Amino acid sequence: MKQHLMLILLIIGCSSLLAQGVQPVGNGTEYDPYQVANIDNLVWLSCSYSWHNHYIQTADIDASASQIEPIGNQLGCCYLPFSGAYNGQGFVIDGLTICNPQDMHQGLFGYAEYAIIENLGLTNVSIIGNYGVGGLVGEVMSTTVSNCYIAGNISGEVSVGGLVGRAFDSIISNCYSTGDVSGDSVVGGLLGDLCSHNSTALLSDSYSLCNVSGNDKVGGLLGYIYSSGMISNCFYNYETTQINGEHLISIGALNSIKFEIWRNNSFFLNINDYLTLSGNEYLISSIDDLKDLLAFGQNPLINFRLDTDLDLAGEAGFY
């Protein structure tokens with residue numbers, strides 16, 4: 001009953017918005033996608049429920065003066081995910097605000113499944129939700145997200161991320177986030193959590209510059225990784241970003257020098273510039289070597305050997 005009521009309220013809310021929405025040019029097919037060119041087109045998309053079609057964005061969009069509900073929802077029996085393709089073509093949506101503090105799956109895209117979202121930027125974004133909250137997408141399932149970024153403020157309770165709140169069996173690559181992310185549990189600068197049920201769950205070639213705050217399972221890059229989720233070549237700068245007001249090391253931490261070299265060198269660091277190879281193992285002989293390991297420990301093909309005792313008493317933030 002509650003799920004039906006939520007859907008009715010969503011439709012009523014969108015009905016008032018739809019009066020200002022304008023259907024984009026195109027037929028929504030792969031070869032003739034809808035062309036989202038302005039805020040009226042975006043409002044139409046958020047309330048059209050045509051969430052299985054193909055879309056391209058053809059201009060920067062100012063969303064600061066309009067109310068837009070998340071595109072795609074998962075309300076139990078009222079199951080309406082975004083399952084289409086959205087190509088931002090390098091354009092930006094600016095000033096998007098979504099404030100539904102009691103609702104799950106909040107973001108430009110609320111819930112996406114078997115979807116493709118790519119080449120899109122969100123600036124000055126403000127998203128407030130409850131469970132599964134992200135600037136770009138609240139939750140993704142079996143979805144590809146690539147070449148996207150967000151800049152703004154993201155807030156929720158559980159599974160909150162700058163870019164994506166929850167990611168199941170999905171591939172996220174070449175993305176980044178800046179701003180502030182806050183929540184209670186499972187909170188990350190880029191992702192809240194990453195999980196694999198039946199197939200690959202991969203976060204690659206991405207980074208976060210977000211300050212993050214929360215109470216449990218909080219990280220600069222992501223809050224938590226479940227069952228076989230994988231991270232490859234993804235980092236945050238622990239010397240400039242903060243976790244609960246401190247500069248702390250968690251999954252994906254790099255210091256400022258290595259982070260900037262990596263980011264300015266096509267997301268690449270050469271391990272031989274930092275660690276000494278002995279046989280098929282790289283030696284960890286000092287605290288500096290241990291910190292260098294942070295840059296390469298995500299690679300399952302690289303082996304390391306600790307060859308001396310290390311005293312970390314003076315490294316209070318290193319964990």
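This is a short chat about helix α2, its surroundings and some paired strands in a predicted model.

Me: Before we start, what are the ground rules for this model?
Reply: It's predicted, so local features need pLDDT of at least 70 and side-chain atom pairs count only at pLDDT 80 or more, while totals for chains, interfaces and linings use all residues. Residues are numbered from 1 along each chain as its sequence is written, and side-chain values use heavy atoms, with hydrogens and water left out.

Me: OK, α2: how many of its residues are buried?
Reply: 9 of the 10, so α2 is largely enclosed by the rest of the structure. Buried means under 20% relative accessible area with a 1.4 Å probe, protein chains only. Helices here are DSSP runs of H or I, at least four residues, and strands are runs of E, at least two, numbered from the N terminus.

Me: Which ones are buried?
Reply: Among them are Leu42, Trp44 and Cys47.

Me: What happens at the start of α2?
Reply: A side-chain oxygen of Asn38 comes to within 3.1 Å of the backbone nitrogen of Asp40.

Me: And just after the helix, what does Tyr49 do?
Reply: Tyr49 has a positive phi of about 60°.

Me: Ser50, then: buried or exposed?
Reply: Buried, at 17% relative accessible area. Leaving out neighbours within four places in sequence, Ser50 is in contact (heavy atoms within 4.5 Å) with Trp44 and Tyr55.

Me: Switching topic, which strand does β10 pair with?
Reply: β13, in the parallel sense over 3 bridges; pairing takes at least two DSSP bridges. Gly134 sits opposite Gly161 in β13, and the partner of Gly161 in β17 is Gly188.

How values were computed. Buried < 20%, exposed > 50% of the residue type's maximum accessible area, 1.4 Å probe, protein only. Polar contact = N/O pair within 3.5 Å; in protein donor to acceptor, adjacent residues only side chain to side chain.
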